[in-house]
Amino acid sequence: MAEWQLIGEEIVGPKRPTYVIGEIGINHNGDIEVAKKLIDVAALAGAQAVKFQKRTPEISTPPAMRDTIRETPWGEMTYLAYRYRVEFEQEQYREIDEYARSKGVAWFASPWDVPSVDFLEDLGVPTHKVASASVTDLDLLRALAATGKPIVLSTGMSTIEQIDIAVEILSTDRLVLMHATSTYPLPAQEANLRMIHTLQERYGVPVGYSGHEPGLQISLAAVAMGACAVERHITLDRTMWGSDQAASLEPHGFMSLVRDIRILEMAFGDGVKRIMPGEEAPMKRLRRPVATPAT
């Protein structure tokens, strides 16, 4: 097991800057310019990374859903056609790669099927993310383990036994776990943040938090409880069309989150009691002289 993980150029783990991921997912709605604007948001906020989702629609779309008709901004279409409509291919991802590099932001994705792992490997991503929905996809986990890359594993909608199996396949030598509850939006009573400690104690690997709640409080509390990474969905506008938009943070909210995380990090200190510089003047003004002990 490893207490720290190297993702690209960033060390992720205890007593390191919180690794902040802006989850773009499919909030770009298949528009490369929207994706670039969201990368701009992450870079301006000071996040280290953005994350997308990569699917091979004919594999990852459940058969029962394929022919379901869906209302979209592009008209009525089958769910399978919609999945293709919002999917980026290699040309777009190479453009994303170049753009993210120019902004100093790492990018990676959640592959939803084995061919998508190979697709992302060809693009040289620094890590792979396992979505909560894929925790029990053992073939996918084995393909990810075979890359030798560090893996970020979300644990939403999973039992501890299912997480045990996934961790065994992926190995604790190159793993970051993300506590998550896959309710969109997340009510506070389902956040269960003490799972951060449970996962740390059980697996001995870096543990972060992937949140879907309105607001910032729960994500900030997760950092205060020891989460070494935070992932939040980001959007240009929560009223945009798409299933994840309403549970996402708009630019100002994401920037506020990263700002407040960095303030928390400064406030943690080192645990050594000392008189702080700002205490010197009030101490002189308020404290009575200490009597000399009798000899």
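**Exercise 1. Burial and overall extent**

Work out what share of the 295 residues of the protein chain count as buried, and how the chain is built overall.

*Solution.* Step one is to take burial across the chain: 48% of the 295 residues count as buried in this structure, which is a predicted model. Step two is to list the secondary structure, and here the protein chain holds 12 helices and 12 strands. Step three is to describe the extent of the C-alpha trace, which spans about 90 × 40 × 40 Å along its principal axes. The last step looks at the contacts with a separation of 6 or more, of which 66% are accounted for by residues 24 or more positions apart.

**Exercise 2. The order of the strands**

Determine in which order the eight strands of the open sheet lie, and which strands stand at its edges.

*Solution.* Begin with the order, which reads S7-S4-S3-S12-S11-S10-S9-S8, with parallel pairing in this open sheet. Next, look at the two ends: strand S7 (106-111) and strand S8 (128-130) each have a single partner strand, so one side of each lacks a neighbour in the sheet. Neighbouring strands of this sheet are turned against each other by 25° on average, when direction is ignored.

Then follow two of the pairings in detail. S8 pairs with S9 in the parallel sense over three bridges, and within this pairing His128 has Ile151 of S9 as its bridge partner. Strand S11 (residues 207-211) and strand S12 (residues 229-233) also run parallel and are joined by three bridges, with Gly211 standing opposite Arg232 in S12.

Finally, consider what covers the strands. In strand S9 (residues 151-154) both faces are covered, since Ile151 and Leu153 on one side and Val152 and Ser154 on the other are all buried. Helix H9 (residues 195-203) lies across strand S10 (175-180) and S11, and runs at about 155° to S10.

**Exercise 3. Helix H7 and its neighbours**

Describe how helix H7 (residues 138-146) packs against helix H8 (residues 160-170), and state which residues of H7 are buried.

*Solution.* Two packed helices are described by the angle between their axes and by the distance between those axes. For H7 and H8 the angle is about 30° and the axes are 8 Å apart. Because angles under 35 degrees count as roughly parallel, H7 is roughly parallel to H8. The crossing in which H7 passes H8 is right-handed.

The next step is to name the residues that meet. On the H7 side these are Leu138, Leu141, Arg142, Leu144 and Ala145, and on the H8 side they are Ile165, Ala166, Ile169 and Leu170. Sorted by class, the contact of H7 with H8 has eight nonpolar residues, no polar residues and one charged residue.

The remaining step concerns burial: Leu140, Leu141, Ala143, Leu144 and Ala145 are buried in H7, and the buried residues of this helix pack against S7, helix H6 (114-122), S8, S9 and H8. After H7 comes Gly148, whose phi is positive, near 75°.

**Exercise 4. Ser134 in its loop**

Decide whether Ser134 is buried or exposed, and identify which residues Ser134 touches.

*Solution.* First place Ser134, which is found in the loop between S8 and H7. Then compare its relative accessibility with the cut-off: because buried means under 20% relative accessible area, Ser134, at 4%, counts as buried. Not counting residues up to four places away in sequence, Ser134 touches Pro111, Trp112, Leu140 and Leu141.

**Exercise 5. Backbone geometry in the loops**

Find where the peptide bond between Tyr184 and Pro185 is cis, and which loops hold Met157 and Ser171.

*Solution.* Start from the general expectation, which is that most residues other than glycine have a negative phi and that most peptide bonds are trans. The bond that joins Tyr184 and Pro185 is cis, with omega about -15°, and Pro185 has its place in the loop between S10 and H9.

Turning to phi, Met157 has a positive value near 45° and lies in the loop between S9 and H8. Met157 is exposed, with a relative accessible area of 59%. Ser171 also has a positive phi, near 80°, and its place is in the loop between H8 and S10.

Terms used:
Residues are numbered from 1 along each chain as its sequence is written. This is a predicted model: local features need pLDDT of at least 70, side-chain atom pairs count only at pLDDT 80 or more; totals for chains, interfaces and linings use all residues. Side-chain values use heavy atoms; hydrogens and water are left out. Axes are lines fitted to C-alpha atoms, for helices over the stretch in contact, and angles run from 0 to 180 degrees between N-to-C directions. Helices (H or I, at least four residues) and strands (E, at least two) are DSSP runs, numbered from the N terminus. Angles under 35 degrees count as roughly parallel, over 145 as roughly antiparallel, 65 to 115 as roughly perpendicular and the rest as oblique. A crossing is left-handed if the near helix is turned anticlockwise from the far one by less than a right angle, and right-handed if clockwise. Contact means heavy atoms within 4.5 Å. Ala, Val, Leu, Ile, Met, Phe, Trp, Tyr, Cys and Pro count as nonpolar, Asp, Glu, Lys and Arg as charged, and the others, Gly among them, as polar. Two strands pair if DSSP finds at least two bridges between them. Buried means under 20% relative accessible area, exposed over 50%, partly exposed in between (1.4 Å probe, protein chains only).
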